[in-house]
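User: I'd like to talk through this model with you. Can you pull it up so we can start?

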Amino acid sequence: MPKFSAIRAPKSAARKSARTSVLRNRIAVVAGGLGVAASLGAGIANAADSNLTHLSADIGSTLTAQADAQAKAAKGAKTAAAKAKEAAVKARKDAAKKPNAWVKPVDEYVLGEPFGIPGSHWAHKHSGQDFVVPTGTQVHAVHHGTVVKAGPWGGGDGPAYGNAIVIKHDNGTYTQYAHLSRIQVRVGQQVGTGQQIGLSGSTGNSTGPHLHFEVRTGPDYGSGIEPTGFLRAHDDAV
């Protein structure tokens, strides 16, 4: 072998060995970097999952608390309404026990059209006081007496009244209860103060559920007097 070839061969082998070593080192570094990145990625993912879990738990707790608060508020409102209704019923029953007592025809109401106003729904002027109540509200006799009218067509006073009742009282006055959905007494029946006589409705010439209540000097339409003032004068303000 020529001398030049002998010298070159060892040098080429050394270079090859050095390149191989460098390549292996780079591969190791890259692999290490990938390992670190994978580890970091897993850590970040775990941290994100943990944060989402805590966030979901916080949101769930907040929504549960809000739902509980709303349920308690609704229950409180129902309880207050129930207590108010019980108080009204008790007041009526207590008043009915008094000698010569007069009571309201319904326990809970909003006053509607008053007595004496003109309007297209009446032949002349409004002959009574409207008590706005839902259909099916209990209607009570305001004073003890005898039923003299009970039936459709105002019990004989005309179709505008729908189902109606008229009661004659011991002081010579009469009360009328109109637009009823149900009549629960009959002509000739004796009723007590505060006794349930029917259920409110919207029969006859009516624009919505309510009780049309009249105080009369006679049994028939056209003899009405202002009802709220009459009840106030008999110790039951409305």
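User: Leaving aside neighbours within four places in sequence, which residues is His126 in contact with?

Analyst: This is a predicted model, so local features need pLDDT of at least 70 and side-chain atom pairs count only at pLDDT 80 or more, while totals for chains, interfaces and linings use all residues. Residues are numbered from 1 along each chain as its sequence is written, and side-chain values use heavy atoms, with hydrogens and water left out. Contact here means heavy atoms within 4.5 Å. With neighbours within four places in sequence set aside, the list for His126 reads Glu113, Pro114, Phe115, Gly116, Ile117 and His212.

User: Where is His126 found, and is it buried or exposed?

Analyst: Helices (H or I, at least four residues) and strands (E, at least two) are DSSP runs, numbered from the N terminus. His126 sits in the loop between β1 (110-111) and β2 (129-132). Buried is under 20% relative accessible area, exposed is over 50%, and partly exposed is in between (1.4 Å probe, protein chains only). His126 comes in at 2%, so that makes it buried.

User: Which side chain does the side chain of His126 make a polar contact with?

Analyst: A polar contact is a pair of N or O atoms within 3.5 Å; within protein, one must be able to donate a hydrogen and the other to accept it, and residues adjacent in sequence count only if both atoms are side-chain atoms. The His126 side chain reaches a backbone oxygen, that of Glu113, at 3.5 Å. Its side-chain partner, at 3.3 Å, is Asp130.

User: What is the strand order in the open sheet of three strands?

Analyst: Two strands pair if DSSP finds at least two bridges between them. β7 and β9 (residues 196-199) pair in the antiparallel sense over two bridges, and Ile183 has Gly198 in β9 as its bridge partner. The pairing in this open sheet is antiparallel, and the order is β3-β9-β7.

User: Why do β3 and β7 each have one side without a neighbour in the sheet?

Analyst: Look at where they stand: β3 covers 138-140 and β7 covers 182-183. One side of each is free of a neighbour in the sheet because both are at the edges, each with a single partner strand.

User: How many residues apart in sequence are the parts tied together by Asp236 and Lys104?

Analyst: A salt bridge is a side-chain nitrogen of Lys or Arg within 4 Å of a carboxyl oxygen of Asp or Glu. Asp236 and Lys104 form one, at 2.7 Å from N to O. Asp236 lies in the segment after α2 (227-233) and Lys104 in the loop between α1 (3-96) and β1, so the parts they tie together are apart in sequence by 132 residues.

User: Is Lys104 buried, exposed or partly exposed?

Analyst: Its partner Asp236 is buried, at 9% relative accessibility. Lys104 has a relative accessible area of 24%, so the label for Lys104 is partly exposed.

User: Which residues are linked in a network of salt bridges?

Analyst: Asp157 bridges to Lys149, with the closest N and O atoms 2.6 Å apart. Arg216 does likewise with Glu214, at 2.8 Å, and both Arg216 and Glu214 are buried at 0%. The full network is Lys149, Asp157, Glu214, Arg216 and Asp220.

User: What share of the residues of the chain count as buried?

Analyst: The chain has two helices and eleven strands. Of its 238 residues, the share that counts as buried is 29%.
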